[in-house]
Every structure is written in C-alpha cells, then in structure tokens.
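Please open the model in a viewer and keep the sequence panel visible beside it. The stops below are meant to be selected one after another.

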Amino acid sequence: MLTDAERQEIESHVAEYPYKRAACIEALKVVQRERGWVSDESLKDIAVLLEMTPDELDNVATFYNLIFRQPVGKHVILLCDSVSCWIMGYEKMRRHLSERLGIGFGGTTPDGEFTLLPIVCLGDCDHAPVMMVDNDTHNNLDPAKIDQILDTYRKEA
Amino acid sequence: METPLTRNIQPDRVPLDIKSSERADGYQGLRKALKELTPADVMETVKQSDLKGRGGAGFPTGVKWSFVPMGDDAPRPKYLIVNADEMEPGTFKDRLLLEGDPHMVIEGAIISAYAIQAGVGYIFLRWEYKEAERRLRKAIAEAYEAGYLGKNILGSGFDFELHLHVSAGRYMCGEETGLLNSLEGRRAIPRAKPPFPQVSGLWGKPTIVNNVETVSCVPHILRNGPDWFKGLSLTADGGTKIYGASGRVKLPGLWELPLGTTLREILFEHAGGMQDGYQFRGVLPGGASTDFLTEEHLEVKMDFTGVQNAGSRLGTGTLIVLDDQTCPVGMVQNLEHFFAQESCGWCTPCREGLPWVARTLQALEDGNGLPEDLEILAAHTKLLGPGNTFCALAPGAMEPLQSALKYFHDDFERHVREKGCPWR
C-alpha cells in the first residue's frame, strides 16, 4: 500500500503532465526515496494509480539505471566509472572501496549499511575521481578521503 | 573579452536570486522580446546571430525553430524542452550554467518558447545533478512569482508553464527522440524520423528540444543583438563557448572563450598544459563520442567547421586528454564499455555490435587478443557507422575507436604481440 504522503506527492507530479503515465518515473522515485527500492507490491500500487499495467511500468522501471528493483543498503555509493575518472584513478578507488566494504559492484555489506554500484559520468570531470553517496557528490577522491567519507556515513547511521 | 554566459556566475557557483539577477540585466532579453518583438522577429534575430546548437550536433538554432508550424491552425500545445540530461562522458559544462545561473536558463527557455509559441515547457534534468535541481526549483518558483512564467507574461498575452522533470539515469535520454519517449513515461528508445519532433514530438505535438548552453545564449542575443553575438566569435559560428578539459592537465576546468579558440590555447594556456611527468598524446575534443585529435591538430580552431575539417567534431567542447602513461586501448575499452551498457537495445547492430567491440578490446587488454581482432574492430567502425543504426549512439561510439585505430595503431598491435597491455 502506498502511504497517503506518497500518493499525494505522486498526484502532484501527475498534475505536471497531460497524461498520467508521464509521471511514472517520478512515482517510482518517490516510492524508492521512502523505502530504498521498488518492490513488486509497490510497483503494482503505482501502476494502478497511474492506470498502467504492472508490466508496462516494470518495462520502464527496469530500463533506468537509478531505479532499484532489489533491496539496497542504507547508503548507496555510486562510483563513476567513465573515461575521465578512469584516467584519473578510478580502478584504484574501486579496489579500495571493495576492500574496505568487502563487496563488489552490486553487493551490499552484511550490516546493510552500504550498496556499491558503478555509475556513468557524474559531470564533475575536472575533480575526478568522483562518487556520489546518496544525494551528495564527493570529488577529488583518494583512498584516505574515501575512508573519511565512509566513516561519516557510518556515524550518521 | 566578453563572457555573457558566465559573467554572473560566482566562483563558488552560488547563483544570484531573482532580484540580484534582474539588477544584472536578467530578464531584460525577455522584456525586449515580449514588448517590442513578434515571435517571427525573435526567430529571425536568433537566425541572424548564427547560434548553433551546443549539445553536440551544431544545428542552427533559428533554423530548427523555423520548422515548427506557426499560426492559428498549428497544433497545440506546442512544447519547448531544455535538454539538461548532461551524460556525455567527460562533459560537465551544462552543470556550471544550471547551478551557477538558473535564471539565465529559465529566461532563455521562455524567450525560445515565445518564438515558437510554445505553451508548455520542461527542463529535462538528470537525477545526479542534485544541486542544480534545488536551484532550478527555487528559480522557477521565483520566476512564477515575478510574473515571468504563467498566464499573460508581463502583460503580453503570452502564456507559458515551465516544469522541471528529473530523470532516472540513462544516456539515451540525451538523444532528442529518446528524451521525448522518456518524458512520456516510456523507455528512452529513439523514434523514426520523419516526422521530426518540430512537427510531431512530445505527445504528437510540435516540440523543440534545445541544449542548456544553447538556450542560455538566447537572452544575450535578444538583449545585445545578433551582430554583437556574431562579434563574440573568432569564426563564422556566432558566440562564445564553454570549453573544458579533464585528464592529466595542470588546471582541469571550464572556461568561456570565443568560439574558434585554438585547441592549443585551451590546452596549454587555460588548462595549464600537461601535469609534470606526463606527455600529451591525444584528445577527444568534445566528449566520448568524438574522434581523437593529436599533436598535429593543436592549431585547429575549436568551432564546428574547424574541428570537422580536422576529422572530428566539436561535440560538447569539453576536452578529454590522453597522456603517455594511459593506455589508449584501455581508454577506448572504457568508452566502448560505456556505450555498450547505455545502448537502449532497440536496434540489433548497436545492441549486439557494441558489446562485441567492448569484449574484443577487453581481450586485447587481458592478453587474449588475436591479430584478426584489429580487423574485426575496424570492420565494426563501418558496420556501426552512420546509416546502419537507428540513432546516433553507435556511430558516435565508433568515432573514438576509428580514430584510435588510426593514430594509435602501433599500440593496438603491441597488445597482440606482447600478449597484454604494456601499461599494466
């Protein structure tokens, strides 16, 4: 079941378009922001609200890189693997993150704190290497800075 | 030297609010357009300015607008879309404008909408640009409050609603017709052309999609005139350009410079040249989907024709620099992996061909390359080239590959001969 707040927020997006389904990406993001990911149940609820079939909505949901159809950790780390970051030391950052967290891309730490994912160019190439954690961009990365950043999010939890 | 696009952008990028923006000539171009000019006048002014699209293709903006049906019989509503889905690897110029001067982008959108008589607009923004999202939301609300958006703007009788649409991440959304499908709540797959979006676009209505930097030029063209805009440039294409550089240069960053500034000046003056201990080997002049240029091209003027004559494209104008301690084969593998992953899967050559290319390059890197792999790669640059795929994604992906095979052929051969990457 969608909460009243989720339903209201989705309806406010529906008002921005002439057809309901145009709000479906926003709707998926609303649910994901509240629950971390989009379950089959949530997907069906959104589909009903937007007068789509669940298949039509899943077709959209599975296309976009940032809609999660599986549970993720409390914090999602998006490490840029595109060309400028690759030149400036992406591999080293990936290895360091993997070692520190004990997971590879697509993995979630056993304590449920972090999920690690690759992401395409974050548009901050003059400060490469770059990653996002949740909604925040962190740039000019080096292993020591990554350690500091991870500690900050752990404490926040 | 005048820098109209960035003159109100502070070093920390905190943007001017609407009052400060108005004191700095913000919304003056819009006032002039609505109070003194007809939509046809605005279109003509932009045509005369020689403004060409800054998203990569370089099509003349005023000409693009002129394909939109006008008059009482034209289908309505028409749509004006600002493409702020900046996802071309190595490109970070639109972020500067969106974060640094959102009111300039909004003003440009309103004037562009007036020219084509669009009733509704969307700024199509990528999810990852969180700061831009916050600042645009605030600026749009301020613009509504000030009467620059909504009904009867500045008493002109012109109505325009502007919404912010935040995407969920997919490179294909930057492709004009893929963007339209995405905005309709579908997968971002390309549409057949014709019909062109100017005639039948979003929900079948006439639609213009313009890049952030393109619409940002429009208020200044209206305020100062097309001749002034042409005069900003060193060449035939009008205006300034936000150039950038990333990679092993001393001062990576962004600079607003006259269109037609040479590659050498951007690389060695503004970007400070190579970092100590690194030598210049080549550069992608305008994002991931442009051909490499090398030492011999340093005097090339970075405008649409200059870069084209050198065998590449101006693209987004943001340089990605290859140094001597970075493997060109590895760099191209990284690029092709990106394109293979971001292919929407709609047409077979792109869906099947790009992963094959990426795997072949990976085999070279891992020491499993065969002599015939270089021929297979070369064949793909033709098979996935212009005319063989549904949209420009795969042909764009072939540009760095075909030029790497040309300029760095010895390095490819070494990977086969030495059974692995010499840089590892």
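Which residue in S4(B) is the bridge partner of B:Tyr79? Select B:Tyr79 and then B:Thr207: the latter is the bridge partner, and it belongs to S4(B). Please bear in mind throughout that this is a predicted model.

**Stop 1: the sheet of chain B**

Extend the selection from this pair to strand S1 of chain B, residues 79–84. S1(B) and S4(B) run parallel and are joined by five bridges. Next, add strand S2 of chain B, residues 120–125, which pairs with S1 in the parallel sense over six bridges. Within that pairing, B:Leu80 has B:Gly121 of S2(B) as its bridge partner.

Now display the whole sheet. It is an open sheet of four strands in chain B, in the order S3-S2-S1-S4, with parallel pairing. At the edges are strand S3 (161–166) and strand S4 (207–211) of chain B, each of which pairs on one side only. Neighbouring strands of the sheet are turned against each other by 20° on average, direction ignored.

Add helix H7 of chain B, residues 130–145. This helix packs on the sheet, where it touches S2 and S3 of chain B, and its direction makes about 165° with that of S3(B). Then select helix H9 of chain B, residues 212–224, which lies across S1 and S4 of chain B and runs at about 95° to S4(B).

**Stop 2: the two faces of S1(B)**

Return to S1(B) and show its side chains. In a regular strand, side chains alternate between the two faces of the sheet. Are the faces of S1(B) covered or open? Both are covered: B:Tyr79, B:Ile81 and B:Asn83 on one side are buried, as are B:Leu80, B:Val82 and B:Ala84 on the other. The count for the strand is six buried residues of six.

**Stop 3: B:Tyr129**

Move along chain B to the loop between S2 and H7, where B:Tyr129 is found. Is B:Tyr129 buried or exposed? B:Tyr129 counts as buried because it has 24 C-beta neighbours inside 10 Å. Leaving aside neighbours within four places in sequence, its contacts are B:Arg95 and B:Leu98, together with A:Gly123 from chain A. A distance to draw here is the one from B:Tyr129 to B:Ser167: the two are 38 residues apart in sequence and 10 Å apart in space, C-alpha to C-alpha.

**Stop 4: chain A and its contact with chain B**

Colour chain A by secondary structure. It has seven helices and four strands, which follow the pattern α-α-α-α-β-α-α-β-β-β-α along the sequence. Its C-alpha atoms fill a box of roughly 50 × 30 × 25 Å along the principal axes. Of its 157 residues, 43% count as buried. Among contacts in chain A between residues at least 6 apart in sequence, 57% join residues at least 24 apart.

The domain assignment of chain A gives domain 1 (4–61) and domain 2 (75–156). The C-alpha centres of these two domains of chain A lie 29 Å apart.

Show both chains together. How many residues does the contact take from each chain? It takes 32 residues from chain A and 38 residues from chain B. On the chain A side, helix H2 (24–35), helix H4 (54–61) and helix H5 (83–87) each supply at least two residues. The residues on that side of chain A divide into 21 nonpolar, six polar and five charged.

**Stop 5: the largest nonpolar core**

Select A:Cys24, A:Leu28, B:Ala109, B:Ile110 and B:Phe124, the residues with the most contacts inside the largest nonpolar core, which has 173 residues. Helix H6 of chain B, residues 102–116, contributes the largest share of this core, 10 residues.

Centre the view on A:Cys24. Not counting residues up to four places away in sequence, A:Cys24 touches A:Ile46, A:Leu50, A:Met52, A:Leu57, A:Val60 and, from chain B, B:Gly185.

**Stop 6: the domains of chain B**

Finally, colour chain B by its domain assignment: domain 1 (18–231), domain 2 (240–323) and domain 3 (328–417). The C-alpha centres of domain 1 and domain 3 of chain B are separated by 35 Å. Their contact takes 10 residues from domain 1 and nine residues from domain 3 of chain B. The domain 1 side of this contact in chain B divides into six nonpolar, one polar and three charged residues.

Notes:
Residues are numbered from 1 along each chain as its sequence is written. Chains are lettered from A and ligands numbered from 1 in the order in which they are written. This is a predicted model: local features need pLDDT of at least 70, side-chain atom pairs count only at pLDDT 80 or more; totals for chains, interfaces and linings use all residues. Two strands pair if DSSP finds at least two bridges between them. Axes are lines fitted to C-alpha atoms, for helices over the stretch in contact, and angles run from 0 to 180 degrees between N-to-C directions. Two residues are in contact if their C-beta atoms, placed from the backbone, lie within 7 Å. Ala, Val, Leu, Ile, Met, Phe, Trp, Tyr, Cys and Pro count as nonpolar, Asp, Glu, Lys and Arg as charged, and the others, Gly among them, as polar. Domain bounds come from an automatic or database domain assignment. A nonpolar core is a set of buried Ala, Val, Leu, Ile, Met, Phe, Trp, Tyr and Cys residues joined through C-beta atoms within 7 Å. A residue is buried if 20 or more other C-beta atoms lie within 10 Å of its own, exposed if 12 or fewer, and partly exposed in between; C-beta atoms are placed from the backbone.
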